[in-house]
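Hi everyone, thanks for making time for this. I'd like to walk you through one structure today, so let me put it on the screen.

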Amino acid sequence: MAPSALESDAGDTGLLNYTVLVPYNETIATGGDSLTQNLNVHYQSGDIAWMLTATAIVLLMVPGVGFFYSGLARRKSALSLIWLTMMAVGVTSFQWFFWGYSLAFSHSAGKFIGDLSNIGLRNVLAAPSVGSGRIPDLLFAVYQGMFASITVALAVGAVAERGRMLPCVVFMFVWSTIIYDAIACWTWNPHGWVAQMGGIDFAGGTPVHISSGSAALAYSLMLGKRRGHGTHELNFRPHNVTQIIIGTVFLWVGWFGFNAGSALSANMRAVVAAVNTNLAASVGGVTWCLLDYRLERKWSAVGFCSGVVAGLVAITPGSGYVPPWSAVIFGAVAGSACNYATKVKFYLGIDDALDIFAVHGIGGFVGNILTGFFAADYIAHLDGFTVIQGGGINGHWIQLGYQVADSISGFAYSFAGTCIILFFINLMPGLGLRASEEAEVIGMDDAEIGEFAYDFVEFTRDVVNGGDILDDESKYSADRDSPTPNEKAFSSTVGDDPHRSR
């Protein structure tokens with residue numbers, strides 16, 4: 001049979017509109033001169049398209065965190081948590097442009113942190129990135145900038161219901177510089193000490209989750225307990241479970257860009273990471289829900305969502321290293337460990353209001369250790385170039401030691417560093433970390449923002465007050481219209497229902 005015209009054309013790439021891939025051999029820091037060269041010839045357009053998409057998907061995780069945190073809190077501080085997570089993007093994105101990317105991923109970085117050779121994204125353009133030669137520096141920079149933003153957003157949930165906004169914004173910039181950039185450098189930059197030691201972390205078990213979880217624990221410690229901690233005043237249900245579910249959906253979707261995108265190209269390794277991500281999340285959600293049912297005989301929606309996030313956290317470091325069957329173990333172990341870890345804050349006497357350490361700190365540690373067990377050399381090599389010795393299933397048991405060293409060092413550095421940063425911020429005039437008792441009573445939304453998540457929010461909804469606190473009694477909102485009598489009567493009767501801590 002004679003070949004078709006299409007088959008004949010396909011045999012001659014000169015007749016097709018293809019850009020021939022050219023190996024990179026430039027010496028210019030920017031990757032070449034765009035006025036005289038086509039800088040696209042070094043990269044596959046599919047890789048670039050996928051990574052741009054993954055970048056946008058990861059950004060969706062930030063409002064997901066905001067909705068999740070906001071739904072867990074009380075109405076009177078619901079908006080402040082969404083505000084903080086979105087502000088984290090603004091502050092961290094500037095910090096990343098200014099010097100964050102250079103400190104984490106400069107080509108001439110040291111074992112602990114990078115230098116300022118790429119300050120202001122100087123010379124960051126079309127040269128192959130530190131992360132992978134499949135994508136250019138600038139694309140890698142914007143993608144990793146989303147990781148930095150979500151990490152800060154996770155950590156600042158610790159200010160829930162009693163922390164001031166301005167000191168937290170200052171904290172965002174300082175913490176991302178001193179803590180996050182250093183941990184990201186030593187984990188993901190080829191010059192970093194963890195990378196050189198042999199530690200493996202596909203998408204952020206230590207830089208994202210252990211660092212943010214331990215920072216949240218430290219922030220909660222430095223802030224002190226919320227007013228009424230340990231009494232009926234804080235015995236309340238999450239005020240908006242629907243909002244928690246919406247936040248979980250955003251996070252679940254965003255995590256595909258987070259984990260599958262960490263393959264840094266469109267390949268089979270990204271596919272495996274996506275499969276692992278979904279499977280671990282599903283099993284984690286079911287596991288947590290079953291554990292809660294065992295105690296309460298109720299099918300908790302909040303429990304399912306918490307388990308989903310725990311599964312997602314745990315699979316993060318191993319998603320591009322472990323076979324799909326092991327993702328079931330990741331989800332089950334993380335759902336169980338993080339569920340029981342919610343009790344740790346009571347033993348420590350620290351008011352981690354949103355259980356950030358239990359889910360992200362413990363979940364990240366679980367994920368790192370399980371990665372040491374289940375990392376497989378053939379999974380890593382699905383991208384065509386990554387070579388590892390594997391973990392326990394490859395008989396490379398020393399990998400467990402590497403993972404433990406990485407996890408403990410990340411926790412210790414982030415926890416201690418966060419305490420020191422907050423100690424000095426609190427000493428600065430006008431930057432006291434803790435809100436006043438009056439502001440805490442009326443809520444952070446009114447005291448710090450002057451806006452509300454809901455137009456019917458009133459202070460009489462706070463169960464501890466027991467009586468009416470009129471709007472004109474608050475110095476923060478005296479100029480606002482008081483609610484109608486019907487609204488006041490309704491809000492004074494419903495209150496926040498008591499529940500056990502998650």
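Let's start with a pair of helices: α10 passes α12 in a right-handed crossing. Before I go further, please keep in mind that this is a predicted model.

So how do people usually describe such a pair? Two packed helices are described by the angle between their axes and the distance between the axes. Here, helix α10 covers residues 268–296 and helix α12 covers residues 324–341. Their axes come within 7 Å and cross at roughly 35°.

Which residues make that contact? On the α10 side, you can pick out V272, V275, N276, L279, A280, V283, G284, T287, W288, L291, D292 and R294. Facing them from α12 are P324, A327, V328, F330, G331, A332, G335, S336, C338, N339 and Y340. If you sort the residues of this α10 and α12 contact by type, you get 14 nonpolar, seven polar and two charged.

Now let's zoom out to the whole protein. How many helices and strands are there? The protein has 19 helices and zero strands. It has 502 residues, and 56% of them count as buried. For those of you who like contact statistics, take the contacts with a separation of 6 or more: residues 24 or more positions apart account for 75% of them.

Next topic: the charged pairs. The structure contains eight salt bridges, and I'll show you three of them.

My opening example is R74 with E161, where the closest N and O atoms are 2.9 Å apart. R74 sits in the loop between α3 (61–72) and α4 (78–105), while E161 sits in the loop between α5 (137–155) and α6 (165–188), so this salt bridge ties together parts that are 87 residues apart in sequence. Are these two buried or exposed? R74 is buried, and E161 is buried as well.

Then have a look at E437 and R227. Their closest N and O atoms are 3.1 Å apart, and they too form a salt bridge. This pair links distant parts of the chain, with E437 in helix α17 (residues 437–442) and R227 in the loop between α8 (205–223) and α9 (241–259), 210 residues apart. As for accessibility, E437 counts as exposed because its relative accessibility is 53%, over the 50% cut-off. R227, with a relative accessible area of 26%, is partly exposed.

The remaining example is E440 with R434, whose closest N and O atoms are 3.0 Å apart. E440 has a relative accessible area of 6%, so E440 is buried. R434, at 29% relative accessibility, counts as partly exposed. There is also a network to point out: R74, E161, R226 and D351 are joined into one by salt bridges that share partners. You'll recognise R74 and E161 there from the pair I opened with.

What about disulfides? A search of the whole structure finds zero. Two cysteines to click on while we're here are C168 and C419. C168 counts as buried, at 0% relative accessibility. C419 is buried too, with a relative accessible area of 16%.

Some backbone geometry next, for the torsion fans. L121 has a phi near 60°, a positive value in a residue other than glycine. Where is L121? You'll find L121 in the loop between α4 and α5, and with a relative accessible area of 25% L121 is partly exposed. L264 also has a positive phi, near 60°, and is again a residue other than glycine. L264 belongs to the loop between α9 and α10, and at 8% relative accessibility L264 counts as buried.

My closing stop is I388, in the loop between α15 (377–380) and α16 (398–427). Why does I388 count as buried? Its relative accessibility is 18%, and buried means under 20%, so I388 falls on the buried side. Which residues does I388 touch? Leaving out residues up to four places away in sequence, I388 touches I200, Y321, A375, A376, D377 and A380. Of these, I200 deserves a click: I388 and I200 are 188 residues apart in sequence, with a C-alpha to C-alpha distance of 8.8 Å in space.

That's my tour. Thanks for listening, and I'm happy to rotate the view for anyone who wants another look.

Notes:
Residues numbered from 1 in each chain as written. Predicted model: local features only at pLDDT ≥ 70, side-chain atom pairs only at ≥ 80, totals over all residues. Heavy atoms only, no water. Axes fitted to C-alpha atoms, helices over the stretch in contact; angles between N-to-C directions. Helix = DSSP H or I, 4+ residues; strand = E, 2+ residues; numbered from the N terminus. Left-handed = near helix turned anticlockwise from the far one by under 90°. Contact = heavy atoms within 4.5 Å. Nonpolar A, V, L, I, M, F, W, Y, C, P; charged D, E, K, R; others polar. Disulfide = S-S within 2.5 Å. Buried < 20%, exposed > 50% of the residue type's maximum accessible area, 1.4 Å probe, protein only. Salt bridge = Lys/Arg side-chain N within 4 Å of Asp/Glu carboxyl O.
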